[in-house]
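Biologist: Could you walk me through the spaces and strands in this structure, and tell me what earns each one its label?

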Amino acid sequence: MFGGKKIKGIAVKGSGRPAIADPDGLKAYVSGMTASIREKADSLHRNGTGGSVPYRESVGDLPIKNFAVGSWPEGAAKIAGNVYGELMKRKHLACFGCPIACAKSIEFTDGDYRGLKTSQPEYETIAALGSNLMNDDPEELAVQNMLCNRYGIDTISAGVVIGFLFECFERGIIAKEDIGRDGINPVWGDNGAIKELLRMIAFREGIGAMLADGVRRAAESIGKGSESFAVHARGLELPMHDPRGYVSSAVTYATGNRGGSHSESLAYYVEQGMKIAGMGFPDKVDPHSSAGKGEITAKMQNLSAVFDALGLCKFLMAGGVGPEELCGFLKSAAGMSLSVRELLDVGDRMYTVKRLYNQRLGAGRGSDTVSERVTREKRGSGGAADVLPDLELMKDELYRFRGWDREGRVTEEHARSLGLEEYLS
Ligand code: SF4
């Protein structure tokens, strides 16, 4: 939306500090939790988000070769987060006050990039530019991550559009001459091609101008059946959680207010066994069954909206912070006494006001979709070889749980119950 309005960003400046309702109580509440958060999220601390690459490969959550392949254990092991600690000098970094410290700075100690200091790539980047492109070189991945940061381009979208291009080339839909620059070999795992394509996307050169507009528009201009393997939801390239590994991701992406974004619900946390007290989820959740996932996803969308509004990192959930703890923070920080139910209603309100905006622009059942690649094609290998999400079933459940109609439209009754009737068009 910012891009459409030619806005680069919004800067807010203020003086003074927010008043804390109960400073001593807040300090005691937070320090009582710190050790347990740190302990529960220890794997995030040790190897960062990238530490989960081998696990995600084993359960079919890791996208491989433009989401076409279900298994690549040897490649996943080479690009996992722990490898950076073995190959390079590495330091733990934390956002202000965070006990988890999942971020890592790295320094190359050998090879062509000796002396280069940069960041360890996050899981999403390792998957998007790594397994998704059959790139098993951790050092090149770190450099590509650094280039994306310098160019100001998103690593997920970049990895998905480049994967799409590689598949177009493999299928003979585009030729080398279409790239618009000599010497590029657009084949899986070619790091020279990946780096040059990142540059061409950033500067909108040659085929980079088309790729810079995203995978949906690229498929619309190329045609020839390429739409079926252009992996996106509502035009936003899918993040690195394959909906055939954790099926809730299909309905998360389809109903995401900004399109294919995992962090608008993180319902796959529940499918991978995370316990979040106060949410009323079943003890055991089958990651491959679609039944019940519409409701779980809607509840997680509401919880995630609350985390966003409080400016809290959702990795705290891995440290055992759920809605009950958020109610405790709010009580001591702002003096607000909310039940879990009331807190999640606030999340519902935030989620729904965005849906109402999208609804004015035509959003509904027909546009709550995800690419065929991840909803209709079985991968035939790996930890979720034969799994396909039942997206329509999950949409029905989510719409029902939210009190929307069968077409995915917010009803007047639901909008009124949240005090949002003024936004009904
Ligand atoms: S706040 Fe979140 S992203 Fe930042 S270091 Fe902590 S866990 Fe990592």
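Modeller: Happily; the model is a predicted one, and we can take the strands, the ligand and then the hollow spaces.

Biologist: What makes strand 1 and strand 2 a pair?

Modeller: Two strands pair if there are at least two bridges between them. Strand 1 (residues 89-93) and strand 2 have 5 bridges, in the antiparallel sense, so they are a pair. As one example of the register, Lys89 stands opposite Glu107 in strand 2.

Biologist: And how do you know that strand 2 pairs with strand 3?

Modeller: By the cut-off of at least two bridges: strand 2 and strand 3 (residues 117-119) share 3, again antiparallel, so they qualify. Here Ile106 stands opposite Thr118 in strand 3.

Biologist: Which residues of strand 2 are on the covered face, and which on the uncovered one?

Modeller: In strand 2 (residues 103-107), Lys104 and Ile106 make up the covered face, while Ala103, Ser105 and Glu107 are on the uncovered one.

Biologist: Which residues are around the ligand?

Modeller: They are Ala94, Cys95, Cys98, Ile100, Ala101, Cys102, Cys313 and Phe315.

Biologist: Why does that shell have no polar residues?

Modeller: Ala, Ile, Cys and Phe count as nonpolar, so the shell has 8 nonpolar residues, with no polar and no charged ones.

Biologist: Now the hollow spaces. What makes one a cavity?

Modeller: A 1.4 Å probe fits inside a cavity but cannot get out. The search of the whole structure finds 2 of 30 Å³ or more. The largest cavity has a volume of about 80 Å³, and its lining includes Asn257, Arg258, Tyr351 and Lys354. Helix 14 (293-310) and helix 16 each give two or more residues to that lining, and helix 14 gives the most, with 4. By class, the lining divides into 3 nonpolar, 3 polar and 4 charged residues.

Biologist: What lines the second largest cavity?

Modeller: Its volume is about 30 Å³, and its lining includes Gly48, Thr49, Gly50, Cys102 and Lys104. Cys102 is also among the residues around the ligand, and Lys104 is on the covered face of strand 2. The lining has 3 nonpolar, 4 polar and 2 charged residues; Gly counts as polar.

Biologist: Which domains give at least three residues each to the lining of the second largest pocket?

Modeller: Domain 1 (45-241) and domain 2 (244-369 + 390-425) both do. This pocket holds about 1,400 Å³ of space. Of its 36 lining residues, the closest to the centre are Met1, Gly3, Gly4, Gly235 and Leu236.

Methods: Residues are numbered from 1 along each chain as its sequence is written. This is a predicted model: local features need pLDDT of at least 70, side-chain atom pairs count only at pLDDT 80 or more; totals for chains, interfaces and linings use all residues. Side-chain values use heavy atoms; hydrogens and water are left out. On a 1 Å grid over the protein atoms alone, a cavity is a set of points where a 1.4 Å probe fits but cannot get out, and a pocket is an open set with protein on both sides within 12 Å along at least five of seven lines; lining residues have an atom within 4 Å of a point. Grid points are joined across faces, edges and corners, and a volume is the space filled by probe spheres set on the points. Domain bounds come from an automatic or database domain assignment. Buried means under 20% relative accessible area, exposed over 50%, partly exposed in between (1.4 Å probe, protein chains only). A residue is near a molecule or strand if one of its heavy atoms lies within 4 Å of it.
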